[in-house]
Amino acid sequence: MDAKLKYKAKKVKIVFFDIDDTLRVKNTGYIPDSIQQVFKSLKEKGILTGIASGRTPYGLVPEIKSLQPDFFAMINGSYVEDAKGKLVHHQPLPQDLVEKVIAWTKEVGIEYGLLGSQKGTLSARTERISQVIDLIYEGLETDPEFYKDNAIYQMLTFEKDGQEVELPEDLQADLRTVRWDAISSDIVLKDSSKAAGVAKVVEKLGLKPENVLVFGDGLNDIELFDYAGISIAMGHSHPELQKRADYITKKVEEDGIFDALEKLGLVEKEKYFPQLDLEKFEGPVARIKTNHGELTLKLFPEIAPKTVANFIALSKDGYYDGIIFHRIIKDFMIQGGDPTGTGMGGESIYGASFEDEFSMEAFNLRGALSMANAGPNTNGSQFFIVQNQNFPYNAKELERGGWPKEIAAAYVENGGTPHLDQRHTVFGHLVDEASFAVLDAIAEVDTDSADRPLEDVVIETIEIED
């Protein structure tokens with residue numbers, strides 16, 4: 001994603017989403033968990049949200065309603081309302097046009113659908129029609145004359161497989177078709193489109209097209225893409241739509257919407273801090289058995305996968321068996337993992353030094369298991385456990401420095417070494433009071449001027465429970 005597009009995103013005030021194969025997978029109904037976070041994050045940033053869909057209001061599934069969008073540009077823009085159900089715009093088909101379309105369907109031998117604002121019907125129901133329409137409007141009644149007493153905002157064609165019909169010229173003067181299935185097309189007013197519906201919302205809010213970002217995947221999103229300041233096509237979208245897109249993101253199942261908005265700086269990943277929730281956190285457990293007692297830790301493979309893999313493999317191979325904690329500084333940390341016992345040795349399973357895996361979800365709190373290094377991306381086998389309890393900072397100072405509020409509070413309450421954050425990879429944490437007691441006992445041992453214990457503190461072995 002280029003810098004120019006990221007700059008344009010700073011002007012975005014409202015984001016509209018298509019539904020089928022954009023917010024959700026049409027055939028399965030799958031909606032990524034990340035969609036909830038998208039709507040939450042946009043709301044927190046003061047950015048409005050909207051649905052722009054060919055569906056009717058009664059075609060909205062509960063999962064979409066639960067997102068609580070601010071606006072709904074439905075039925076390809078011909079019926080628009082706000083979150084409270086207040087009508088912003090509506091434009092039904094003139095009844096004489098509905099009657100002409102019905103007469104034409106009978107001439108060419110196809111079935112049709114009638115969509116009002118609160119209800120829809122079919123001229124007939126076959127197994128093939130049900131297969132297509134029930135994915136969106138399950139259980140529509142059969143009532144070919146529904147139009148006589150109800151405003152119709154959209155009509156549908158239902159052709160036979162392999163058949164594709166075209167509106168006669170006299171109807172094309174006022175109407176157009178938008179194909180959405182191999183056997184079905186929407187029939188809407190020529191000047192009706194998702195873009196027209198969204199434009200009514202933009203006008204109501206006093207915004208401009210440059211303030212609008214849209215997501216879509218199908219041909220009925222083309223006008224919307226041409227209208228909006230930024231248009232993003234889903235990874236599986238129609239090739240013609242992709243040609244008009246400012247950016248092509250990943251598929252629905254790959255969190256494509258979240259991924260694009262995160263790259264634009266409009267949403268942020270919801271952070272999870274395992275160190276603050278160790279009882280519930282499920283991950284590998286390491287038991288470091290020493291001649292002073294046992295240190296039990298939970299490891300964070302999702303946060304630091306390469307580091308955890310290295311530590312587990314070395315532990316299982318017996319690499320750490322008999323190695324000492326060669327550097328111990330009370331009110332700071334205890335360091336080990338070097339087979340030479342000098343602080344100058346050690347090798348990773350990768351043969352050479354490997355890269356840092358810094359995260360804003362794991363920190364050098366008291367009890368943290370971190371990688372020792374000699375500078376950026378020089379990780380090997382050495383590690384340390386933070387022991388410091390005496391904390392000279394206050395929470396507000398840390399928050400101003402960029403630490404999350406929850407982590408700043410944990411530092412103040414329990415201690416730690418925040419000056420090591422983003423310098424040393426945190427990949428685990430002590431889990432119980434017994435382990436902290438052992439940590440503090442080790443920190444109390446006598447050391448020489450080089451911080452080396454006068455009597456060896458030995459790692460007898462490290463056991464791993466995957």
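**Two sheets and their cores in a predicted model**

Helix H11, residues 305–316, lies across six strands: S15 (285–290), S16 (293–299), S19 (368–371), S20 (383–386), S21 (426–430) and S22. Relative to S22, the helix runs at about 120 degrees. The structure described here is a predicted model.

The strands under H11 belong to an open sheet. Eight strands make up this sheet, and their order is S17-S18-S20-S19-S21-S16-S15-S22, with antiparallel pairing. Strand S17 (327–329) and strand S22 (459–465) are at the edges and have a single partner strand each, so one side of each has no neighbour in the sheet. From one strand to the next, the twist averages 25 degrees. As general background, the strands of a sheet pair through backbone hydrogen bonds, and the pairing is either parallel or antiparallel.

The sheet can be followed from the S17 edge. S17 and strand S18 (residues 333–336) run antiparallel and are joined by three bridges. Here Arg327 stands opposite Gln335 in S18.

At the other end of the order, S22 pairs with S15 in the antiparallel sense over six bridges. In this pair, Ile288 stands opposite Ile462 of S22. S15 also runs antiparallel to S16, and six bridges join these two strands. Lys289 has Glu294 in S16 as its bridge partner. The connection between S15 and S16 is a hairpin through two residues.

A further helix, H14 (residues 433–443), lies across S15, S16, S17, S18, S20 and S21 and runs at about 120 degrees to S16. Which residues of H14 are buried? They include Ser435, Phe436, Val438 and Leu439, and also Asp440, Ile442 and Ala443. The cover over the buried residues of H14 includes S15, S16, S17, S18, S20 and S21.

A UniProt record can be set beside this part of the chain. In an unreviewed entry, UniProt lists residues 290–464 as "domain: PPIase cyclophilin-type". Over residues 290–464 the chain is 22% helix and 19% strand, and the C-alpha atoms at the two ends are 15 Å apart.

Earlier in the chain, strand S12 (residues 212–216) is a useful place to start. How many residues of S12 are buried? Five of its five residues are, and the strand is described as mostly covered. Both faces of the strand are covered, with Val212, Val214 and Gly216 buried on one side and Leu213 and Phe215 buried on the other.

S12 has parallel partners. Strand S1 (residues 14–17) runs parallel to S12, and four bridges join the two. Phe17 has Phe215 in S12 as its bridge partner. S12 also pairs in the parallel sense with strand S13 (residues 230–233), over four bridges. In that pairing, the bridge partner of Val214 is Ser231 in S13. Between these strands the chain goes from S12 through helix H8 (residues 222–227) to S13, and this β-α-β crossover is right-handed.

The loop between S12 and H8 contains Asp221. Is Asp221 buried or exposed? Its relative accessible area is 0%, so Asp221 is buried. Apart from residues up to four places away in sequence, Asp221 touches Asp18, Lys194, Gly216 and Leu241.

Two residues of S12 also stand out in the largest nonpolar core. This core has 38 residues, of which Leu213 and Phe215 touch the most other members. At least two residues of this core come from each of S1, helix H2 (34–44), strand S3 (71–74), S12, S13 and helix H10 (256–263). Not counting residues up to four places away in sequence, Leu213 touches Val12, Ile14, Val15, Phe16, Ile230, Ile232, Leu261, Leu264 and Leu266. Another core, of 31 residues, lies apart from the one with Leu213, and its members include Leu299, Val308, Phe427 and Leu430.

One more buried residue is Leu171, placed in helix H6 (residues 169–172). Why does Leu171 count as buried? Its relative accessibility is 2%, which is below the 20% limit for a buried residue. Leaving aside neighbours within four places in sequence, Leu171 is in contact with Leu97, Lys100, Val101 and Trp104. Leu171 and Trp104 are 67 residues apart along the chain, while their C-alpha atoms are separated by 9.4 Å.

Key
Residues are numbered from 1 along each chain as its sequence is written. This is a predicted model: local features need pLDDT of at least 70, side-chain atom pairs count only at pLDDT 80 or more; totals for chains, interfaces and linings use all residues. Side-chain values use heavy atoms; hydrogens and water are left out. UniProt positions are given in the numbering used here, feature names are shortened, and annotations may be inferred rather than shown by experiment. Two strands pair if DSSP finds at least two bridges between them. Axes are lines fitted to C-alpha atoms, for helices over the stretch in contact, and angles run from 0 to 180 degrees between N-to-C directions. Contact means heavy atoms within 4.5 Å. Buried means under 20% relative accessible area, exposed over 50%, partly exposed in between (1.4 Å probe, protein chains only). A crossover is right-handed if, with the strands pointing away from the viewer, the path from the first strand over the helix to the second runs clockwise. A nonpolar core is a set of buried Ala, Val, Leu, Ile, Met, Phe, Trp, Tyr and Cys residues joined through side-chain atoms within 4.5 Å.
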